[in-house]
Amino acid sequence: MTALTRALRLTFHGGGLSYRALFNWTTPPMFIGTLLVSPLFQIFFFVHVGRSLGVADDRFYLLGNAVLATSVPCVYGGIMAVANERRYGTLGAVLLSPRSRGLIWGGRVLPYVLNGFAVMAFMMLAGSLVLGLDLPATTLLGLVQVFVVASASCALFGLALGALAIRIRDVFVISNAAFTLLILFSGANLPPAAMPGWMRAAGSVLPLYHAIAALRGVFDGASPGVLWSSLGREAAVALGYAVLAYGLLRFFEWRSRANAALDVM
């Protein structure tokens, strides 16, 4: 078995096994209710709020919240990729492995990227059907590009937060706060032009802000250059969180070894 084959096996096969073992939404009703129904009702809620206030049209809220829906599987999933290893007592075995940490943790987060993509696709389809909005065939390629980059960015953000699970017991408090921040700062429900400068600056370094702008550009007929520029910025944010996640995971692993514990503050 070549080094490349071993690396791919560790990333994909290992990540898949971890996902099956640690996945929290274990039953179909819980999966559907948590990842599909709840975000869909969130779209309808903001659509009706927007209609009442006259801030923006239905499509504005559909596009923004369809991308925002990926924060549920990706942020919480990225956190669970680490937190559940500790919860079920397998984190020590993972940290004892001599294999590449980048491949191990990268494989852990990949299934949640796929979850996020599937959730966004469902939100776009179901939301469009209920609200009576068209999905032109010319937008499909742009949709796929945005969904891939957005789900990867959000999942890596979740993994960076999940790294704190090595040292903090209740990381889901952090995840709830992160989800709220994305609702406020991503531009999903508030036009960026109406946001104060400090909010736009904060949103630009959080996941989904540029992906939402790119998706709206797809439906507004923006040129490929404008689309790729927004996606490039989102990819840069994703890379930043990947580096942060790797650094935090390695640092907390080192500190845990130094203290001979996985949860010493």
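## Exercises on rings, cysteines and a serine

With a relative accessibility of 11%, F185 counts as buried (buried is under 20% relative accessible area, exposed is over 50%, and partly exposed is in between, using a 1.4 Å probe and protein chains only). Please keep in mind that this is a predicted model, where local features need pLDDT of at least 70, side-chain atom pairs count only at pLDDT 80 or more, and totals for chains, interfaces and linings use all residues. Residues are numbered from 1 along each chain as its sequence is written, and side-chain values use heavy atoms, leaving out hydrogens and water.

**Exercise 1.** Find how many aromatic pairs the structure holds, then classify the pair of F185 and W198.

*Solution.* Start with the rule: rings of Phe, Tyr and Trp (its six-membered ring) pair if their centres lie within 6.5 Å, and planes under 30 degrees apart are stacked, over 60 edge-to-face, the rest tilted. The structure holds 10 such pairs. One of them joins F45 and F46, with centres 5.1 Å apart and 75 degrees between the planes, which is edge-to-face. For F185 and W198, the centres are 5.9 Å apart and the planes stand at 65 degrees, so this pair is edge-to-face. Next, place the partners: F185 belongs to helix α8 and W198 to helix α9, so the pair ties together parts 13 residues apart in sequence (helices are DSSP runs of H or I, at least four residues, numbered from the N terminus). Finally, W198 counts as exposed, at 59% relative accessibility.

**Exercise 2.** Describe where S186 sits and what it touches.

*Solution.* First, S186 is in the loop between α8 (172-185) and α9 (197-204). Second, S186 is buried, with a relative accessible area of 2%. Third, look for polar contacts (N or O atoms within 3.5 Å; within protein, one able to donate a hydrogen and the other to accept it, and residues adjacent in sequence counting only if both atoms are side-chain atoms). A polar side-chain atom of S186 lies 2.5 Å from the backbone oxygen of L182 and one lies 3.3 Å from the backbone nitrogen of A188. Last, leaving aside residues up to four places away in sequence, S186 touches L68, L181, L208, Y209 and I212 (contact means heavy atoms within 4.5 Å).

**Exercise 3.** Explain why C154 is not bonded to C74.

*Solution.* A disulfide needs two cysteine sulfur atoms within 2.5 Å, and by this rule the count is zero. The sulfur of C74 has that of C154 as its nearest cysteine sulfur, 5.1 Å away. That is too far for a bond, so C154 stays unpaired with C74. As for surroundings, C74 is buried at 0% relative accessible area, and C154 is buried at 0%.

Conventions
Helices (H or I, at least four residues) and strands (E, at least two) are DSSP runs, numbered from the N terminus.
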